[in-house]
Amino acid sequence: MATTTEQLQVEKLWFQDSIVTFESFNLPTSNQRILGPPHPRNTVIPLALRPTKADAKATLDSVVDTIKALQAKDGILTKKLARHGTLLFRNLPIHTAEDFSKFAHAFGYKPHEIIGIVVDRPLLAPNVAPANEAPKEVLIYNHNESPQVPHAPEYIFFYGHRAPSKGGESPISSSLELFNRAQQEIPGFIAELAEKGILSKVTYRVEKQYEGGSTLKQAFGKEIQDGDDEETTRRKIEAQIARYARGDHTTWEWTEDGLVLTHRLPAIRTQPGTNLPTLFTGLAAYWKRTQCDAEARKNVTQQLFGDGTPIPEKYLAHLAKITDEIRVLHRWQEGDVLVYDNIIAQHGREPWQGEQSDRVIMGSLFDGESVPGAYGFGDWAQVVQALE
């Protein structure tokens, strides 16, 4: 259950000689809670920040300059992310995709290139795309970004351009807390995950498999040219797959209408800097998907133990139970920006009422200086940055 934040003192985040001063503030308990172990005591998720009243009319340029200054001072915001998992910025002068792009790039991270994308994300501004264009009725349960492939972003930015009147919240939860709870409550499952890892089977087809999904060309076709024959097309796609740099731990099989890509991956990784284990996964989300009628989406990604055996449903249901107990739902206000440390925080999307166009959330993905560390000793348990 969500825990009250009233006992916490408001923390001011400020930087000498900066133009804008940010202060933290409390959110409703449905939207903010105190994290459990292994997080430091009295750590909230998300940490909510806004300009002080004196800076209420700050310009975008002044906000961007302040973000750059804070990051130049020993990566203050990056350290806040590593502690809290998610930051909320509110009351900023961000109104367009271009504004959002400038703000996100001010953090100084390297834009992330998605290899093997499974959703359609058309470019709206530099490194900005729709967060997800699946129909409004579709539940996207808590998950880390891109757990089904070896190359995942470390930081995720979401900008609320338009918010629905009812529903459409973005869940927020801690992968560190999820691991800690799961290790206590279902230790056998965690031990098996650590020993075996998972086999992630992702199906890519020439044609779009579901509304909001990607095609094989969108996933791996950045070098494909009009007029390429089938052999050339396949060679270029396989060259993109090779950039994962996973050797025998990534295999693929061509089918009549696409290919099936199989990765042996760790579902448990470690947070850089602390080496704390984090359950970096979408397993609960995949299980939730099997509970609905979206057959096309069910068949896109399959998750098995690393030895190819099925994962018992009781474990997946238990992960969802824990997640329900430790997550909050971010109620969007127009202009909000959420920043997730993807290694230790999970996100998602609740359905909403009204029109599809009532909710417009944009996303921007970035890499960190390092990738999460291995949990265990198998060579399959280590992931690396994608090859250039």
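Which residue stands opposite Leu-329 in E18? I looked it up and found Pro-171. I note that the model is predicted.

**The strands around that pair.** I traced E11, residues 170–174, and found three bridges joining it to E18. The two strands run antiparallel. I then followed the sheet outward. It is open, has four strands and runs in the order E9-E20-E11-E18, with antiparallel pairing. E9 (140–143) and E18 (328–330) are the edge strands, each pairing on one side only. I checked the twist too. Neighbouring strands here are turned by 20 degrees against each other on average, direction ignored.

**A helix across the sheet.** I looked at helix H4, residues 175–185. It lies across E11 and E20 (345–349). Its direction makes about 55 degrees with E11.

**Helix H10.** I tested the length of H10, residues 313–326. At 1.5 Å a residue, its 14 residues should span 20 Å, and the end C-alpha atoms are 20 Å apart, so the two agree. I also listed buried residues in H10, among them Tyr-315, Leu-316, His-318, Leu-319 and Ile-322.

**The whole chain.** I counted ten helices and 22 strands. The radius of gyration is 20 Å, close to the 21 Å the globule rule gives for 388 residues, so the chain is as compact as a globular protein of that length. The C-alpha trace spans about 60 × 50 × 40 Å along its principal axes. I found 58% of the 388 residues buried. The accessible surface comes to about 17000 Å², and 50% of it belongs to carbon and sulfur atoms. Last, I checked contacts with a separation of 6 or more: residues 24 or more positions apart account for 79% of them.

Terms used:
Residues are numbered from 1 along each chain as its sequence is written. This is a predicted model: local features need pLDDT of at least 70, side-chain atom pairs count only at pLDDT 80 or more; totals for chains, interfaces and linings use all residues. Side-chain values use heavy atoms; hydrogens and water are left out. The expected span of a helix is 1.5 Å times one less than its number of residues. Buried means under 20% relative accessible area, exposed over 50%, partly exposed in between (1.4 Å probe, protein chains only). Two strands pair if DSSP finds at least two bridges between them. Axes are lines fitted to C-alpha atoms, for helices over the stretch in contact, and angles run from 0 to 180 degrees between N-to-C directions. Contact means heavy atoms within 4.5 Å. The radius of gyration is taken over C-alpha atoms; the globule rule is 2.2 Å times the number of residues to the power 0.38. Accessible areas come from the Shrake-Rupley method with a 1.4 Å probe; for residues, only the protein chains shown count as cover.
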